[in-house]
Amino acid sequence: MKRLLITGGAGFIGANFTQFWLRRQPADQLVVLDALTYAGNMASLLPVLDDPRLTFVHGDICDRELVERLLRDHRIDTVVHFAAESHVDRSILGPDAFVRTNVLGTQTLLEAARASWPRDAAGEAAEGYRFHHVSSDEVFGSLAADAPPSTEADPYAPNSPYSASKAGSDHLVRAYEHTYGLPATISNCSNNFGPYQFPEKLIPLMLVQAFAGKPLPVYGDGRHSRDWVSVGDHCLGIALVLEKGRTGEMYNIGGENEWANLELVGLLCRLLDEEFASEPELGDRFPDAPPVNNRQTAELITFVDDRPGHDRRYALDISKARSELGYEPERSFEVSLRHTVRWYLENQSWWGPVLDGSYREWMEEQYGLEYSEPVAGETGKLR
């Protein structure tokens, strides 16, 4: 039986991983530590909150005393570190929080693990302990259109406050493994999508905007390209790193599935049009959606000024994870994307409450769009 501390476990990927691990390893005990900032949502854990194997703790990863107490009291042998400020746009507006959480928070966790975990007679970390750090493809910087995907051996070249803070945390994890013998691994993932993703990220943003008949903001010329992996496949990749990964190694977890932003938004629009055509009853809940009014969703696409320093392309080479861990994306992209569209159509009770005034103000500031009307009423229905 393993005892895991999952930081950021009420966030998008963390909540999906928590549910995934409870299904995969029914004998294990989990502690979720989350500060419940804007992107952390207890509702994302509702399917498992009553599970006796799960303990939720509301707290900050920068609180070393708390972290050490959790490691000690719950006899934690595995840390899976998701907690991070994670949106490039927000990092441009306010980088301080990204340095605090992503760099100082990671260092606090590493120090707590180093102080709490036992060592053998040779001074090495005892068998059965692991600190796994979840990072991003953005640390490798922007790729040229004809460049091969990034490998684990490529140099770091972060270009935003977000990616720089993640690169800093990666370097700390590597340094603690090399200097102190802390048993650590790192995984770098490509763009994730799926249930429970906060609607500031591209796919859920486009969906909730379309439901309300609002503009779909696309930066610049829309040709910025990203590799996409379903959050379920990402969770599988992390599980394989924990189960088979070599201490001190980094593994890329991607989908081998590159899409230009404009093409992806166009696909989302087509899928939404098909969903509304096959289920006319959706119009009762989303009366402002274009298909309800005999329009195509793609008519909402609106080009906005590009953000500063916008990286043109990210992509990951996953051959190392494939050969060493047996990792393989299990779900086709379109099947996973259809599942995601259905989830947001069916779970307005989750995403509706987060569209508060601060979200609308951020939309107006970030994209220069008129966004002053309420999006969700007290009943959770769009109006």
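A residue counts as buried when its relative accessible area is under 20%, as exposed when that value is over 50%, and as partly exposed in between. Keep that in mind as we walk through this predicted model. Of the protein's 383 residues, 56% count as buried.

Let's start with the whole thing. The protein has 13 helices and 12 strands. Its radius of gyration is 21 Å, close to the 21 Å that the globule rule gives for 383 residues, so the protein is as compact as a globular protein of that length. If you lay the C-alpha trace along its principal axes, it spans about 75 × 50 × 40 Å.

How does the chain meet itself? Take the contacts in the protein with a separation of 6 or more: residues 24 or more positions apart account for 80% of them.

Now for the outside. The protein exposes about 15700 Å², and carbon and sulfur atoms supply 49% of that area. As for charges, there are 36 positive and 57 negative ones, and the mean positions of the two sets are 4 Å apart.

What about disulfides? A pair of cysteine sulfur atoms has to lie within 2.5 Å to count as one, and by this rule the count comes to zero. Cysteine 235 shows you how that plays out: the closest cysteine sulfur to its own is in cysteine 189, 10 Å away, so that pair is too far apart for a bond. Cysteine 235 is also buried, because its relative accessible area is 1%. Cysteine 62, on the other hand, has 22% relative accessibility, so it counts as partly exposed.

Next, let's zoom in on serine 150. You'll find it in the loop between strand S5 (130-136) and helix H5 (161-180). Is serine 150 buried or exposed? At 2% relative accessibility, it counts as buried. Leaving aside neighbours within four places in sequence, serine 150 is in contact with Phe140, Leu143, Asn252, Ala315, Leu316 and Asp317.

Our last stop is arginine 270, which sits in helix H8 (residues 261-278). Its relative accessible area is 35%, so arginine 270 is partly exposed. Which residues does arginine 270 touch, not counting those up to four places away in sequence? They are Glu334 and Arg338. To get a feel for distance, look from arginine 270 to glycine 8: the two are 262 residues apart along the chain, and their C-alpha atoms are separated by 33 Å.

Key: Residues numbered from 1 in each chain as written. Predicted model: local features only at pLDDT ≥ 70, side-chain atom pairs only at ≥ 80, totals over all residues. Heavy atoms only, no water. Helix = DSSP H or I, 4+ residues; strand = E, 2+ residues; numbered from the N terminus. Rg over C-alpha atoms; globule rule 2.2 N^0.38 Å. Buried < 20%, exposed > 50% of the residue type's maximum accessible area, 1.4 Å probe, protein only. Contact = heavy atoms within 4.5 Å. Areas by Shrake-Rupley, 256 points an atom, 1.4 Å probe, with all protein chains shown as cover. Lys, Arg positive; Asp, Glu negative; His and termini not counted. Charge placed at Lys NZ, Arg CZ, Asp CG, Glu CD.
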